[in-house]
Amino acid sequence: MEKNKFGVQKKIIFVITVFLMIILFSKLVFAADALTIPKIDLNLTPAKSPKDVATTIQIFILLTILTLAPAILIMMTSFTRITIVLSFLRQALGSQQIPSNQILIGLALFMTFFIMKPTGDEIYNKAWLPYVDNKITLEQALQEGIKPVRQFMFKQTREKDLALFIFLSKSKRPKNQDDVPTSALIPAFIISELKTAFTVGFLIYVPFLIIDIVTASTLMSMGMLMLPPVMISLPFKILLFILVDGWHLLARALAVSF
């Protein structure tokens with residue numbers, strides 16, 4: 001009897017679901033006359049002048065830059081250092097997925113926007129506005145736009161790392177910063193950022209490591225070998241981080257380091 005009841009209920013739910021789908025479909029059909037969908041049309045016509053060819057090439061270059069925008073944001077800004085330091089902090093706390101990756105990446109992204117704002121303003125004022133006002137050409141705008149980014153990278157790049165990539169590229173010894181090719185500056189900046197980030201991460205790791213060692217030693221002396229030390233040390237590490245106002249100190253240290 002119970003099986004028959006469940007079978008009847010399933011049939012009733014199925015009939016109601018089909019009925020609702022029919023009603024919804026009929027409403028969509030009747031509303032189709034009033035619904036306007038925009039038409040997207042892409043026409044490809046042969047180029048009639050060298051200017052048209054140059055415009056097409058510029059569009060392809062722009063699309064390529066847009067696809068590489070995430071890599072440019074990560075590798076040529078402060079995003080790399082901030083992300084690695086925040087990852088080290090989470091590992092030192094031992095909180096596994098707290099904060100989550102989305103939160104850490106979001107915080108790193110907004111801090112990157114904050115730190116890179118002066119550079120972005122300089123690019124906007126010296127490159128974008130003159131180009132929009134037709135005061136400079138696209139090539140001149142690109143040259144003016146890359147200068148603030150190069151200045152930012154030069155401040156964070158070690159001479160040793162820069163000399164390495166200039167040597168590997170078999171280029172002449174530059175007389176000043178203007179002679180340094182961007183192709184050598186970018187990888188030198190990246191490895192310099194990695195070294196700085198790992199150095200900061202190590203300094204963050206040390207106090208939490210001391211808490212882990214003290215907790216493990218205490219548990220061993222008490223004979224509580226079956227109790228994981230992480231369960232005991234985690235609250236103490238979180239308490240220490242809260243008492244010293246860790247997020248404030250970390251954000252301040254990262255911002256000042258640039």
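The pLDDT is the predictor's confidence in each residue, on a scale from 0 to 100, and in this predicted model it averages 76 over the protein, with 76% of the residues scoring at least 70. Confidence is unevenly spread along the chain: helix α1 (residues 2–30) has the lowest mean, 50, whereas α4 has the highest, 88. Over residues 22–35 the pLDDT stays under 50, and for this stretch the model has 0 contacts beyond four places in sequence. Where pLDDT is low, the predicted coordinates should not be read in detail.

The protein is built from 10 helices and 0 strands, so that from the N terminus on each successive element is of the α kind. Of its 258 residues, 23% count as buried, and the surface that the protein exposes amounts to about 19,400 Å², of which carbon and sulfur atoms supply 71%. Among contacts between residues at least 6 apart in sequence, 72% join residues that are at least 24 apart.

Helix α4, the element with the highest mean confidence, comprises 15 residues and reaches 21 Å from its first C-alpha to its last, close to the 21 Å expected at 1.5 Å a residue. This helix is mostly covered, with 11 of its 15 residues buried; among them are the nonpolar residues Phe79, Ile82, Ile84, Val85, Leu86, Leu89, Ala92 and Leu93, but also Thr80, Arg81 and Arg90. Just after α4, Gly94 takes a positive phi of about 75°.

The largest nonpolar core has 18 residues, and those that touch the most other members are Ile82, Leu89, Phe208 and Leu250. Two or more residues are given to this core by each of α4 (79–93), α5 (101–132), α8 and α10 (246–257), and α4 gives the most, with 8 residues. The surroundings of Leu250 illustrate this arrangement: leaving aside neighbours within four places in sequence, Leu250 is in contact with Val85, Leu86, Leu89 and Ile204. A second, separate core consists of 14 residues, including Val149, Leu162, Ala188 and Ile190. In soluble globular proteins, nonpolar side chains tend to be buried together.

Helix α8 (residues 182–221) has 40 residues and spans 58 Å from its first C-alpha to its last, close to the 58 Å expected at 1.5 Å a residue. Despite this agreement in span, α8 bends by about 30° at Val206, and a proline, Pro207, follows within four residues. After the helix comes Gly223, whose phi is positive, near 80°. Glu193 is placed within α8 and counts as buried because its relative accessibility, 1%, falls under the 20% limit. Apart from neighbours within four places in sequence, Glu193 is in contact with Thr77, Ser78, Arg81, Gln156 and Phe258; of these partners, Arg81 is itself one of the buried residues of α4.

Three aspartates were examined individually. Asp161, in helix α7 (residues 159–168), counts as buried, since its relative accessibility is 13% and the limit is 20%. Beyond neighbours within four places in sequence, Asp161 is in contact with Ala188, Ile191 and Ser192; Ala188 is also a member of the second core. Asp161 and Ile191 are 30 residues apart in sequence, yet their C-alpha atoms are 7.3 Å apart in space.

Asp121 lies in helix α5, an element that gives two or more residues to the largest core, but this aspartate is partly exposed, because its relative accessible area of 33% falls between the limits of 20% and 50%. Its C-alpha atom is separated by 9.5 Å from that of Pro148, which is 27 residues away along the chain.

Asp245 lies in the loop between α9 (229–243) and α10. With a relative accessible area of 43%, Asp245 is likewise partly exposed. The phi of Asp245 is near 55°, a positive value in a residue other than glycine. Most residues other than glycine have a negative phi.

Definitions and conventions:
Residues numbered from 1 in each chain as written. Heavy atoms only, no water. Expected span 1.5 Å × (residues − 1). Bend = angle between axes of the 7 residues up to and from the residue. Buried < 20%, exposed > 50% of the residue type's maximum accessible area, 1.4 Å probe, protein only. Contact = heavy atoms within 4.5 Å. Areas by Shrake-Rupley, 256 points an atom, 1.4 Å probe, with all protein chains shown as cover. Core = buried A, V, L, I, M, F, W, Y, C linked by side-chain atoms within 4.5 Å.
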